[in-house]
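Reader: Please take a close look at one part of this model, the metal site, and describe how the chain supplies its donors and what surrounds them.

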Amino acid sequence: STVNVVGVPLDLGVSKLGVDMGPTALRYAGIFEALEHAGFPYLDEGDLDVANNFALDRLPPERRGTAKRAEIARVAENLGRHVHEAAMRGETPLVLGGDHSTAIGAIAGLAKARGRLGVIWIDAHADANTPQTSPSGNIHGMPLAISLGHGYPDLVNCLGFAPKVRPEDVVIIGAKDVDPDEMAFVREQGVALYSTFDLEHLGLSRVMDEAIARVAQGTDAVYVSFDADVMDMHLAPGTGIMTRGGLTYREITYVCRTIGERLPLAGLDIIEVNPLMDKRNSTAELCVELAMALLGVKWTDYERNYLTANLPCT
Ligand code: DIR
Ligand code: MN
Ligand code: MN
Ligand code: MN
């Protein structure tokens, strides 16, 4: 189906500047050329309007947090409507973030259009903090909890219904930096979480078998939320939070390939690409490649026709 690409230059959910340039970085990295090459019809919907973080930073401290949250809620409604309309036309929304609060509206719109939604959350973090558990107060650490119906009401009630997803339909893959009270919330909700330790201990193939079975079981459609910080800092420096011990190239390609080959995705996002931290846009280029894998581009064809042509070592 037609891939509906929309950019969300949103960085109001984080304290560091730069992820608002994620959509630009992904465009520059060739997202449309890759879709074209893969033979997907696509629509370029441009970027949504989002207020500048630094403009809102000029507000007095007591009004700043509320103003930023109100803007995040407004953007979530807009994105939710956009994604809903695209999905109702039978298109596959591909959302270019933006910090991870972008996922709030995307999941809302897709759940409204498609019904019971399975979600694969690929992230070094669980993003399952509530205002009560969050040590930072940053909204980008909360979107999964919000989609499960917990947190600020103006965000939880995006598009006028809640919750968007059920805990038994959600899988987190690659988590390694989860706050203690956040982990307690994940456990009590019953969300499946596969940490980087689990990937080693259980093996990647078993984890992906279980994860895919879980999100497919009983659901009407599946969404993937992809946070670039799941990858190791040496592989993907261009992200909000760089940490070591993240997924290697072979691990992340395995994750994305197995999903793309086994599940028809109803929608996906590429989140937290920060070109200010990147090395010559290499993280954005890698994310373009992984988005194609998630969309089910056959790897052998992809490697032969697209990747190898761009690799200096061939
Ligand atoms: C931390 C960091 N758990 C927080 N979160 C995220 O601020 O809630 N970093 N999502 O990317
Ligand atoms: Mn995240
Ligand atoms: Mn993260
Ligand atoms: Mn984040």
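**The metal site**

Author: In this predicted model, the donors of the manganese ion (ligand 3) follow the spacing D-x1-H-x101-D-x1-D along the chain. The protein atoms that fill this pattern are Asp123 (OD), His125 (ND1), Asp227 (OD) and Asp229, the last of these listed with OD twice, and they lie 2.1 to 2.5 Å from the ion. Asp123 also serves a second metal, since it bridges the manganese ion (ligand 3) and the manganese ion (ligand 2), which are 3.2 Å apart. Distant parts of the chain are linked here: Asp123 sits in the loop between strand S4 (117–122) and helix H6 (143–147), whereas Asp229 sits in the loop between strand S7 (221–227) and helix H11 (249–262), 106 residues apart.

As for exposure, Asp123 has a relative accessible area of 0% and is therefore buried, the limit being under 20%. Asp229, at 1% relative accessibility, counts as buried as well.

The setting of the site is a protein chain with 13 helices and 8 strands. The radius of gyration of this chain is 18 Å, close to the 20 Å that the globule rule gives for 314 residues, so the chain is as compact as a globular protein of that length. Of these 314 residues, 58% count as buried, and among contacts with a separation of 6 or more, 73% are made by residues 24 or more positions apart. On the matter of charge, the chain carries 27 positive and 42 negative charges, whose mean positions are 1 Å apart.

Definitions and conventions: Residues are numbered from 1 along each chain as its sequence is written. Chains are lettered from A and ligands numbered from 1 in the order in which they are written. This is a predicted model: local features need pLDDT of at least 70, side-chain atom pairs count only at pLDDT 80 or more; totals for chains, interfaces and linings use all residues. Side-chain values use heavy atoms; hydrogens and water are left out. Helices (H or I, at least four residues) and strands (E, at least two) are DSSP runs, numbered from the N terminus. The radius of gyration is taken over C-alpha atoms; the globule rule is 2.2 Å times the number of residues to the power 0.38. Buried means under 20% relative accessible area, exposed over 50%, partly exposed in between (1.4 Å probe, protein chains only). Contact means heavy atoms within 4.5 Å. Lys and Arg count as positive and Asp and Glu as negative; His and the chain ends are not counted. The place of a charge is taken as NZ of Lys, CZ of Arg, CG of Asp or CD of Glu. Donors are N, O and S atoms within 2.8 Å of the metal (3.2 Å for Na, K and Ca); water is not among the atoms, so sites may look incomplete.
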